[in-house]
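Dear colleague,

Please find below the structure that I agreed to hand over, together with its sequence. My notes on what was found in it follow.

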Amino acid sequence: CVVQRFSNAIDKANKLEEGDKKILDIMTACEKYGVKFWVMHDAGKGDDKEFTRISNDWIHLVDDLDILQSPSYAFQDGKPAYGLWGMGVNSRDWTPETVSRILDFYQEEGSPYQTYVAGGIPTTWFKNRPEGWTPVYDRLDMLSPWRPLFYNGAPYKQSEIDRMHAEKAYCDERGIDYNPVVAAGASAGNIGLFEGNPNRRRNSIPRDGGYYLWKQVYEVCKMDSKFMYIAMFDEVDEGTAMYKQVETEDGLPVDCRQLSLDEDGYDLPSDWYLQVGRQIQLMLEGTIPLTEEMPIRPERLFILNPVPGDGAEGVEIYPELKWTSASIAHSYKLYLNKDLPVFSEDQLLSDQEDTAYVLNTALEVGATYYWRVDVLTATQTFSGDVWSFTATDATRAGQIEVQKLSVYPLPAGDWLNVRGVEN
């Protein structure tokens with residue numbers, strides 16, 4: 001359990017008091033239930049007082065709150081674990097010089113405030129290294145890139161998986177631990193509501209009942225990573241929260257754009273993602289075997305039974321896409337995308353009441369297409385499963401090439417019918 005403290009708040013007396021109460025409550029709970037916790041500072045103002053602000057807060061936590069005396073505080077390599085988030089991230093104002101000075105404080109040998117330092121860094125850190133940050137990254141005990149397998153949908157491109165493996169290899173060569181961030185989904189619509197920004201998308205990356213998270217986790221465990229960071233435990237506003245949540249839309253506050261657990265068409269208990277988190281821990285530590293299939297299965301509110309079936313091959317280039325009706329549906333939204341299982345309004349084919357749709361534009365022969373049917377009720381939209389098929393030109397399939405054809409006598413009519421028979 002990582003407890004974040006934002007550096008732009010800890011120099012305000014009321015915010016510091018509030019943050020101290022939170023961390024003491026968390027420490028008590030962790031001790032009661034046998035859970036480990038550690039502290040992370042998130043970049044804030046980035047001004048010339050940042051070093052003093054952050055170092056003084058750590059001294060306060062160690063000397064005044066005695067957090068390192070707790071049996072639940074996490075240690076790594078014999079040192080207390082500690083995190084700095086926002087190194088080289090565009091939305092944060094820290095500079096390499098500021099962070100280098102902070103690291104001098106935390107990495108001073110023999111100091112009572114020395115720590116094992118984990119750094120939160122951008123998703124693109126490996127391919128597009130922020131200028132001046134490489135020497136800083138190489139000083140860290142752990143690199144934690146922000147959600148490397150999150151944004152383009154699952155299944156992931158092999159190039160993305162390869163990049164993550166290359167990142168881990170880079171860390172291994174330098175004796176740095178690798179800790180990729182994964183997340184259950186994303187929805188910033190509620191933040192947009194209060195910011196007056198209607199363009200922030202609601203349910204921009206659907207959770208799919210836990211499957212979306214599990215696919216990321218599987219790839220991380222598959223590369224034999226010892227570490228993984230699930231973000232976040234309680235960040236409801238961005239739709240990433242893992243703790244107990246409202247089960248159905250009826251339980252949400254009025255005029256709220258947050259998500260309930262039935263958003264993607266699943267009937268889930270409020271603690272579902274805590275249950276999924278438990279399975280993740282078991283797989284990461286090797287208690288259960290590595291598996292691409294999530295060990296616990298969410299219950300669907302509806303099953304649409306697609307035609308063509310998921311993974312179908314040899315589908316004609318003008319197919320009829322069909323699905324069974326859902327009793328809760330008022331209408332359906334049909335999405336289709338080539339090569340990627342990612343959908344936006346640009347991939348919307350139809351908004352309709354029928355359960356079938358015939359494409360009037362030819363598909364590309366040999367290409368893989370992904371499609372999804374969302375179920376719309378009077379008040380809610382449920383995201384459907386993602387299916388795929390491969391297109392084939394059925395007008396050419398099974399044709400027989402005729403080398404020579406002689407007809408005698410000439411047919412009496414205007415038409416000559418030729419029927420091919422395969423041997």
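The structure, which is a predicted model, holds 4 cavities of 30 Å³ or more. The largest cavity contains about 60 Å³ of space. Its lining is formed by Arg207, Gly209, Leu259, Ser260, Leu261, Glu263, Asp264, Tyr266, Leu268 and Tyr273. By class, the lining of the largest cavity comprises 5 nonpolar, 2 polar and 3 charged residues.

Asn179 may merit your attention when you open the model. This residue sits in the loop that runs between strand 7 (177-178) and strand 8 (181-182). Asn179 has a relative accessible area of 4% and therefore counts as buried, the cut-off being under 20%. Its side chain reaches the backbone nitrogen of Met228 at a distance of 3.0 Å. When neighbours within four places in sequence are set aside, Asn179 is in contact with Met142, Leu143, Ser144 and Pro145, and also with Phe227, Met228 and Tyr229.

Two residues that are not glycine have a positive phi. For Arg147, the angle is about 45°; for Asp339, phi is about 80°. Arg147 belongs to the loop between strand 6 (142-145) and helix 5 (158-174), whereas Asp339 belongs to the loop between strand 14 (331-338) and strand 15 (348-352). Their accessibility is as follows: Arg147 is buried, at 8% relative accessibility, while Asp339 is partly exposed, at 45%.

The backbone also contains cis peptide bonds. One of them joins Ala231 and Met232, with omega at about 0°. Met232 is placed in the loop between strand 9 (229-230) and strand 10 (266-267). Another cis peptide bond links Val307 to Pro308, again with omega at about 0°. Pro308 is located in the loop between strand 11 (299-300) and strand 12 (312-315).

Finally, there is the matter of the cysteines. How many disulfides does a search of the whole structure find? The search returns 0. Cys171 is buried, with a relative accessibility of 0%. Cys221 has a relative accessibility of 11% and so is also classed as buried, since that value is under 20%.

With kind regards

Definitions and conventions
Residues numbered from 1 in each chain as written. Predicted model: local features only at pLDDT ≥ 70, side-chain atom pairs only at ≥ 80, totals over all residues. Heavy atoms only, no water. Helix = DSSP H or I, 4+ residues; strand = E, 2+ residues; numbered from the N terminus. Buried < 20%, exposed > 50% of the residue type's maximum accessible area, 1.4 Å probe, protein only. Polar contact = N/O pair within 3.5 Å; in protein donor to acceptor, adjacent residues only side chain to side chain. Contact = heavy atoms within 4.5 Å. 1 Å grid on protein atoms, 1.4 Å probe; cavity = no way out; pocket = protein on both sides within 12 Å on 5 of 7 lines; lining within 4 Å. Points joined across faces, edges and corners; volume = space filled by probe spheres on them. Nonpolar A, V, L, I, M, F, W, Y, C, P; charged D, E, K, R; others polar. Disulfide = S-S within 2.5 Å.
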